[in-house]
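Open the model in your viewer and keep the sequence panel beside it. The tour below goes from one selection to the next.

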Amino acid sequence: MTMKGGKTLSKKKKETDFLSISARVRVMETRLLTTERMERMIDARDAAEAAKVLDECGYPDLAQVTPSAVEDMLAQAQGALFEDLGKAVDDPALLDLFRCKYDYHNAKVLIKSAALGLDQDQLLLRGGRYEPEKLAEDFRREDLRSCVPVFQEAVAHARELLGSSGDPQQADFVLDRAYYAELTQLAQQSGSPFLQGYVTLAIDSANLRAAVRAARLDKGPDFLRLVLVEGGAVLPADIAVTPGPDLARLYHSSLLLPAAEAGAALAVPNGGALTDFERLCDDALMAYMAKARMIPFGEQPVAAYLYAREAEATAIRIILTGRMAGIDGATIRARLRRAYC
């Protein structure tokens with residue numbers, strides 16, 4: 001691993017750096033939302049009783065279980081997590097790998113809001129590298145010098161493209177490509193083969209989802225070349241020319257094979273619901289991260305825990321939103337992803 005000033009951090013020293021935080025993470029894992037805890041939330045009498053299970057995971061009591069209260073709780077927990085680990089992890093690239101997605105979400109909100117002449121700052125998320133309020137202020141002043149160059153350039157390009165074309169999808173393509181380019185760069189900066197493998201799989205997953213959706217809309221190779229991103233194990237050029245029903249053969253040696261097989265069956269116009277396909281894509285990433293449970297210390301347990309907390313937030317949203325809406329337990333279970341533990 002290369003550090004500032006050109007110094008190289010040896011593997012032995014790097015592992016030692018993670019010894020203490022890895023031990024802490026193992027303790028923190030005991031409070032994650034397990035499959036058993038999810039089941040208790042689903043079987044609870046109502047949404048309020050379901051939310052009480054989250055006490056065991058370290059979340060505060062909710063005075064009222066409403067969508068906004070749930071989102072506030074999750075945002076505060078995410079911010080506290082990054083603040084806590086930021087003091088203990090001497091590798092900014094590791095944390096930024098999981099933080100930058102919130103920055104790109106916020107960029108999409110700001111760009112589209114500006115194009116519509118609306119103030120939608122309530123849609124901005126915490127947890128990124130840049131505080132939402134500061135990012136919004138800098139965006140409106142057209143001064144993002146405090147952000148990394150890749151992000152600056154992507155926001156400027158997306159904003160200009162939306163203004164000239166009026167097509168928000170084109171702006172999203174620009175930001176998505178920049179996001180995955182940043183992930184690749186951050187994984188390389190970390191010097192971790194484990195993180196590099198995760199990013200490769202994440203890009204493969206994103207491209208598979210795009211290919212399935214494009215096939216369902218009867219979009220051809222030209223459209224896919226605009227959407228697909230570089231950096232995965234499966235080449236975008238191969239995906240672009242492969243008919244939707246044949247996609248699975250490109251992923252024969254990937255953890256994404258079950259997802260690809262499910263997606264290929266749905267990759268035709270009016271192909272049916274994508275719920276199981278989307279779940280299998282996410283489950284492949286969780287299966288990759290779960291490998292870290294066999295590693296005693298290093299960057300792997302920390303990265304896996306960060307990913308598990310993201311998955312936990314998604315599960316909490318699915319369960320509590322479903323319970324508030326009166327959705328039956330079987331339907332909620334079908335929407336849940338694989339748990340880390």
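A residue is called buried here when its relative accessible area is under 20%. The model is a predicted one.

**Stop 1: helix α5.** Select residues 67-88, which form helix α5. This helix has 22 residues and spans 32 Å from its first C-alpha to its last, close to the 32 Å expected at 1.5 Å a residue. Now colour A69, V70, M73, L74, A77, Q78, L81, F82 and L85, the buried residues in α5. Which helices do they pack against? Show α2 (19-29), α6 (92-116) and α15 (299-324): the buried residues of α5 pack against these.

**Stop 2: the largest nonpolar core.** Select L97, F98, Y198 and L208. Within the largest nonpolar core, of 91 residues, these four touch the most other members. Helix α10 (residues 193-216) supplies the largest share of this core, 13 residues. Another core lies apart from it and has 26 residues, including A47, A51, A77 and I316. In soluble globular proteins, nonpolar side chains tend to be buried together.

**Stop 3: helix α10.** Display α10 alone. From first C-alpha to last, its 24 residues reach 35 Å, close to the 34 Å expected at 1.5 Å a residue. The helix is mostly covered, with 17 of its 24 residues buried. Move on to D218, just after α10, where phi is positive at about 60°.

**Stop 4: α10 against α14.** Add helix α14 (residues 275-290), which packs against α10 at an angle of about 175°, with the axes 10 Å apart. Because of that angle, α10 is roughly antiparallel to α14. By class, the contact between α10 and α14 has 13 nonpolar, 2 polar and 4 charged residues. On the α10 side, the residues to pick include F194, Y198, L201, L208 and R213. Their counterparts in α14 include F277, C281, D282, L285 and M289.

**Stop 5: L208 and Y251.** Centre on L208. Not counting residues up to four places away in sequence, L208 touches L247, Y251, L256, A259, A260, F277 and C281. Follow that list to Y251, in the loop between α12 (236-240) and α13 (257-266). Is Y251 buried or exposed? Its relative accessible area is 1%, so Y251 is buried. Leaving aside neighbours within four places in sequence, Y251 is in contact with D204, N207, L208, V234, I239, L256, L257 and A260. To finish, put a distance label between the C-alpha atoms of Y251 and E142: these residues are 109 apart along the chain, and the atoms are separated by 42 Å.

Note on methods
Residues numbered from 1 in each chain as written. Predicted model: local features only at pLDDT ≥ 70, side-chain atom pairs only at ≥ 80, totals over all residues. Heavy atoms only, no water. Core = buried A, V, L, I, M, F, W, Y, C linked by side-chain atoms within 4.5 Å. Buried < 20%, exposed > 50% of the residue type's maximum accessible area, 1.4 Å probe, protein only. Helix = DSSP H or I, 4+ residues; strand = E, 2+ residues; numbered from the N terminus. Contact = heavy atoms within 4.5 Å. Expected span 1.5 Å × (residues − 1). Axes fitted to C-alpha atoms, helices over the stretch in contact; angles between N-to-C directions. Parallel < 35°, antiparallel > 145°, perpendicular 65-115°, else oblique. Nonpolar A, V, L, I, M, F, W, Y, C, P; charged D, E, K, R; others polar.
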